[in-house]
Amino acid sequence: MEPFQADWLSIVPPIVAIALALITKEVLSSLILGILTGTLIYTVGTDGNIVMGTVETAFNLMVKKVDFNILIFCSLLGALVYVVAMSGGSKAYGKWAVSKIKGRKSALAATSGLGVLIFIDDYFNCLTVGTVMRPISDRYRIARAKLAYIVDSTAAPICIIAPVSSWAAAVGSSLKDTGAFQSDMGAFVATIPWNFYALLCIFMVIVIVITDYDFGPMRKAEERALEGVESEGMSTASAEPPQGNPRGTVMDMLLPILALIVFAVSAMLYSGGYWGDDAAYHGFGAAMGNASASNALVWASFGAIAVAGLLYIPRRLVAFSDFMSGLVEGMKLMLPANIILVLAWTLSGVCRELLQTPEFIQGIVVSGGASWSMFLPLAVFAIAAFLSFSTGTAWGTFGILIPIVVPVIQAIDPNLTIVALSATLAGAVFGDHCSPISDTTILSSAGSGCNHIEHVSTQLPYALVVAFASGMGYLVAGLTGGDLLWSFSAAVITMLAFVLGLHFMKRNDAAAA
């Protein structure tokens, strides 16, 4: 398929996808219609058959753009998540925690620690942490809304800064499509210190756990919990993981996860030539930069499943037939994510390879000058945050925006490429973290036994504070030309000022009353 210079029509497909996503709150159909719009423009421009040419081009490009390594990794990761839950390892952690936790702060810290530990997948996090820690938090009269907040804040925000996760693989595949980076994994790692929203979410959890400086609806929820009264409409339903074996131990959860990490790092070094004949890649950094992340993650996830099987089956924690069935069930859980990936890859291919969207955008930007480049990181963050909140998906958001943002920022100011890319990922995480239609938001409230609307209403003020602070950081980044120290300091100071101000203002109001 030869490229067609579509000029302004080349930006119509992503606009259609974004507009429909905002209107319908449904990302799959929006991506599909965006793809068909693009292939229709291409077919008309190349004098093809309007009906069959549009459909044929869409599916031919879809086959061409699919990265099966990423799809296999995501499927194997879902399988690993499922069988780990079947082993009873997460429930064993809960029993261990009961014997070690002696107070409210210890319970909140343990919840946060477990959330950070389960960084390979946000679904696994939400399905495990809330269910395991709910009895402990109830014992110490911690509001379930606060439990749900911590669960949600250590799901997507952790996954987006973990190099070994399904999120890293998805972002890497979108970066690969841009063709702008020598190493997809290297580019992803470079975004981590600039992902202000994810980092500040974690920092906010630490501050709240240590100080108990709650504000807004969360403070009221905590006061009710301390009095032994939960809010009306409290949900008793929960998103339970598969029935775990009561003989499972904490190591049954830790060892497969540790195996995944060790295998992933080793496989990346191997694929990067660390043990090869080329001396140029014998260094750790050089090998990681040269690594094929998608291949390495497939090998690592397969190895981790093998470790899980050797750990569970001989000890009869999970029967062989149940283990194999669990693998299939886990793969099914990843089907929606895989579909989003395939459609996002295809839409990116329509824009880049068929309609020459990057070339058109670069031409406009270059001719328009770069006097407004200082505001671009903030603008990108705001657009990504609005889109992700409206659609409830981070993967669909950065799948749509990355192919557009990267060529734009490279044309305006290449020095801000990583900053703008990080702003895209940070804004995308915002919606996944707190949107009422986000899967992780729903699973967090269900796993914690919290009313969904209460979880959204109590968490949203915290998320908005972090988002505003992150926006200030990206504004400073644009003004300073990408100075990380000044930018991150501005974000942290802004967040702390809001937390302290809102907490003490609420306390003074209560004292006056």
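Let's start at S112, which sits in helix α6, spanning residues 104–117. Keep in mind that this is a predicted model. The protein chain has 513 residues, and 56% of them count as buried. Its secondary structure comes to 25 helices and 0 strands. Of the contacts with a separation of 6 or more, 81% come from residues 24 or more positions apart.

**Two buried spots: S112 and A162**

- S112 has a relative accessible area of 12%, which is under the 20% cut-off, so S112 is buried.
- Set aside the neighbours within four places in sequence, and S112 is in contact with I150, T154, V205 and V209.
- A162 isn't in a helix but in a loop, the one between α9 (156–159) and α10 (166–178).
- That loop residue still counts as buried, because A162 has just 8% relative accessibility, and buried means under 20%.
- Which residues does A162 touch once its neighbours within four places in sequence are left aside? They are F119, A168 and F188.
- For F188, there's a distance to go with the contact: the C-alpha atoms of A162 and F188 are separated by 9.4 Å, with the two residues 26 apart along the chain.

**Helix packing: α4 with α17**

- Helix α4 (residues 68–87) packs against helix α17 (residues 320–333) at an angle of about 130°, and their axes are 7 Å apart.
- How does that angle classify? It is neither over 145 degrees (roughly antiparallel) nor in the 65 to 115 range (roughly perpendicular), so α4 and α17 are oblique to each other.
- The crossing of α4 and α17 is right-handed.
- On the α4 side, the contact is made by S75, L76, G78, A79, Y82, V83 and M86.
- On the α17 side, it is made by D322, F323, G326, L327, E329, G330, M331 and L333.
- Sorted by class, the α4 contact with α17 has 9 nonpolar, 4 polar and 2 charged residues.

**Helix packing: α22 with α24**

- Helix α22 (residues 417–434) and helix α24 (residues 452–480) pack at about 175°, with 10 Å between their axes.
- Since angles over 145 degrees count this way, α22 is roughly antiparallel to α24.
- From α22, the contact draws on V419, S422, A423, A426, F430, H433 and C434.
- From α24, the partners are V456, Q459, L460, A463, L464, A467, Y474 and A477.
- The class breakdown for α22 with α24 is 12 nonpolar, 3 polar and no charged residues.

**Aromatic rings**

- The structure holds 11 aromatic pairs.
- One of them joins W194 and F196: the rings are 5.6 Å apart centre to centre, with 40° between the planes, and the pair is tilted.
- Are these two residues buried or exposed? W194 counts as buried because its relative accessibility is 8%, and F196 counts as buried because its value is 0%.
- Y274 and W275 make another pair, this one edge-to-face, at 5.1 Å centre to centre and 90° between the planes.
- Y274 is partly exposed, with a relative accessible area of 29%.
- W275 has a relative accessible area of 54%, over the 50% cut-off, so W275 is exposed.
- W194 and F196 also belong to a cluster: ring pairs link W194, F196, F381, Y474 and F488.
- Y474 in that cluster is also one of the α24 residues in the contact with α22.

**Positive phi outside glycine**

- D212 isn't a glycine, yet its phi is positive, at about 60°.
- You'll find D212 in the loop between α12 (196–211) and α13 (217–226).
- D212 comes out as partly exposed because its relative accessibility is 27%, which lies between the 20% and 50% cut-offs.
- R316 is a residue other than glycine with a positive phi, near 60°.
- R316 is in the loop between α16 (293–312) and α17.
- With a relative accessible area of 69%, R316 is exposed.

Technical notes:
Residues are numbered from 1 along each chain as its sequence is written. This is a predicted model: local features need pLDDT of at least 70, side-chain atom pairs count only at pLDDT 80 or more; totals for chains, interfaces and linings use all residues. Side-chain values use heavy atoms; hydrogens and water are left out. Axes are lines fitted to C-alpha atoms, for helices over the stretch in contact, and angles run from 0 to 180 degrees between N-to-C directions. Helices (H or I, at least four residues) and strands (E, at least two) are DSSP runs, numbered from the N terminus. Angles under 35 degrees count as roughly parallel, over 145 as roughly antiparallel, 65 to 115 as roughly perpendicular and the rest as oblique. A crossing is left-handed if the near helix is turned anticlockwise from the far one by less than a right angle, and right-handed if clockwise. Contact means heavy atoms within 4.5 Å. Ala, Val, Leu, Ile, Met, Phe, Trp, Tyr, Cys and Pro count as nonpolar, Asp, Glu, Lys and Arg as charged, and the others, Gly among them, as polar. Rings of Phe, Tyr and Trp (its six-membered ring) pair if their centres lie within 6.5 Å; planes under 30 degrees apart count as stacked, over 60 as edge-to-face and the rest as tilted. Buried means under 20% relative accessible area, exposed over 50%, partly exposed in between (1.4 Å probe, protein chains only).
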